[in-house]
Amino acid sequence: MLRLNMFVLGLGFFTMDERASCQMFEESGVKWQLGLVVLYLWASGVVYTKDTSWPCPQPCQCNSRTLEANCSDRQLVAVPEGFPRDCRLLNLTHNNLKILVSQQFKTLTQLLELDVSDNLLVMLEVEAFLGLHSLRTLRLARNRLRFIPAGAFQGLLQLQLLDIRDNQILVLLDFTFRDLVALRRIDTGKSDLVFVSPHAFAGLTNLRELSVDRCNLTAVPTEGLRALSGLATLRFHRLGLTTLANYSFRWLGNLKKLVISHWSVLETLEGNSLFGLNLTFLTVSNCNLSVVPDASLHHLVYLAHLDLSFNPIRYVRGNSLRDLLRLQEFHLVGGQLHRIDPRAFHGLAQFKLLNVSGNLLTTLEEGVFGSVGSLGVLRLDNNPLVCDCRLLWVLRRRVHLGFDRQPPVCATAVQFQGWSFLDFAEVDLPGPFTCRQSRILNRRPQHVQIAEGYTVLLHCNAEGDPMPSISWLNPQRVLLSVIGRLRVLANGSLEVRYAQAWDSGVYVCLASNAGGNDSIRVSLSVRGFSHSSRNSLFMNGTQSFPSEVKTLVVAVTIGVLSFFSSVTICFIFMFIWSKSKGQLKHTATIEYVPRSAASTKNGGTGHVESSRFTMKLI
């Protein structure tokens, strides 16, 4: 009755307010504020009156309009009883619940969402949720559960999302989730998980998304994932593995998105670690990869998005991604990228986005791409870019390229340092974006002679802008590498170690940069030992060994002498020891029973005599 009077009073007030509204506004703003207060009280009274017709257990608050019961932060130690049967949402968060008993919610047959997060739960009894036939979402995050018994989720035939993050779960037992036939997403992040049983996920034929975060697994639970044949998205965060083993995901043929992130010690993806997958989206970020794992990626012909950000990768090799025919996006943000080799993205006809911001790149040549016609977005920001002719193509195409509001910025030259690529006018080009052709400094003919067995350096110095790269060709015109007996040093010189007669010939030094190339020929002649010189060397000693040969002979001699000295000392010690023991017995008498005779005795045919023989010890 009191609430009805309040409603009438409020209605009467507003009727009077309408008749004299203009006068009241002009006389005082206080009356207008009073009217708002009365309106608020009237509305509150109406809502309260409406909710009191919907039963609600104390100390919870219920809303009949949203069909929600809110029992959050009420210091509850047990689940209240008496919730309306048509309740759709039940919030039990931030309480002190420690256990959910069997059939705890059996009357709430129409409940759609249950949130029991942020409690002290240590146990779920079997059939704890039996009766929740309509439940779609169950949240049990941030509790103290150590394990979940099989049958705890019995009756949740419509459940689609299960959140069990931030618990202390150690093991996922067999058939833990077998009753959740409609489940589409599980989040198990931030737990103490050390083992996943082979049949833990049995029955989850409709699961589409699984997230695992901050657990203590020592390997990817390959057999545990076997039941998830329909899984489309898999996220592994913050695992302590150093290597992703071969065939880790071989049963997940329908997986489309794989995210591996914050594995701080992950250094290697084995060659077949992704075997069996047909991914379109792959992220391996915030790990410790030092190279692009192209051997693991080559079979992913449907891959469209590849993210290797925040790894200490220093370079992308040419043709390393040529098998990823459908690749559209490549992200390597915040790494240690120093260079991207020519032809790195050749053969990728659908390539649209390259994001290598936040690295150590000084340039990006057009030859990196098979064609820049399809490229739509380029992120080169936060790199120490050298603005020369190698980046002129970016300026020419800036109208067609998107920089995501982060255009590249020149780090050199001094007069243009800090200039955005959008700051240059078309009429000013090429401007600073020019190069100076490579030029070899010492162009005098070089003829080097050396005796067989020695080491020699062939020098080649060049200048240009940008600084030229130096390479060498052998007399057969084969490019030499930085390893081997003949190798190219960091300063551009060619080292020939332990020169042999067949190393003789004309070598070519190539200096190249974006402005052009230069070359020079160097002749090497290796003198071999003749028969007479060899005799003279060994008999007369008029010519000394090369230092390397001397070292080898001395080492072998010392080793042989040490061996024979050790053996001699051992024999002497054994001889002295045997003499100190006095007279030794040199014969031994052995008594035995022949096998055939023993068999006869066991058969019960009579007494069998043993035999003896004497053995002389030497």
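**Cores, cysteine links and a surface patch**

Let's start with a single cysteine: C287 counts as buried, because its relative accessibility is 7%, under the 20% limit. The model you are looking at is predicted, so please read each value below as computed from that model.

From here we can turn to the interior. The largest nonpolar core has 119 residues, and L114, F129, F249 and F345 are those with the most contacts inside it. The elements that give two or more residues to this core are the strands β12 (209-213), β13 (233-237), β15 (257-261) and β17 (281-285), together with helix α5 (392-396). The largest share, four residues, comes from α5. To get a feel for the packing, centre your view on F345: beyond its neighbours within four places in sequence, F345 is in contact with L321, F330, I340, F351, L354, V368, F369 and G370. Apart from this core lies another, of 21 residues, which includes V456, W472, A499 and Y507.

Now for the disulfides, of which the model has five. One joins C387 to C410, with an S to S distance of 1.9 Å. The torsion about this S-S bond is about -105 degrees, so the disulfide is left-handed. C387 sits in the loop between β24 (385-386) and α5, while C410 belongs to strand β25 (residues 410-412), 23 residues apart. Both C387 and C410 are buried.

The same loop between β24 and α5 also holds C389, which is joined to C435 with an S to S distance of 1.7 Å. C435 lies in the loop between β25 and β26 (436-440), 46 residues apart from C389. This link is left-handed as well, with -100 degrees about the S-S bond. Here the cysteines are partly exposed: C389 has 23% relative accessibility, and C435 has 24%.

A further disulfide is formed by C460 and C509, their sulfur atoms 1.8 Å apart. C460 lies in the loop between β28 (456-458) and β29 (462-465) and C509 in strand β33 (residues 505-513), so the pair ties together parts that are 49 residues apart in sequence. With -75 degrees about the S-S bond, this link is left-handed. C460 is buried at 3% relative accessible area, and C509 is buried at 0%. Numbered in sequence order, the bonded cysteines of the protein pair as 1-3, 2-4, 5-7, 6-8, 9-10.

Finally, let's move to the surface. L552, V556, V560, F563 and F564 form a nonpolar patch there, with about 510 Å² of accessible area together. F564 is placed in helix α7 (residues 547-580) and counts as exposed, because its relative accessible area is 51%, over the 50% limit.

How values were computed: Residues numbered from 1 in each chain as written. Predicted model: local features only at pLDDT ≥ 70, side-chain atom pairs only at ≥ 80, totals over all residues. Heavy atoms only, no water. Patch = residues over 30% accessible without salt bridge, like charges linked within 9 Å, V, L, I, M, F, W, Y side chains within 5 Å. Areas by Shrake-Rupley, 256 points an atom, 1.4 Å probe, with all protein chains shown as cover. Salt bridge = Lys/Arg side-chain N within 4 Å of Asp/Glu carboxyl O. Buried < 20%, exposed > 50% of the residue type's maximum accessible area, 1.4 Å probe, protein only. Core = buried A, V, L, I, M, F, W, Y, C linked by side-chain atoms within 4.5 Å. Contact = heavy atoms within 4.5 Å. Disulfide = S-S within 2.5 Å.
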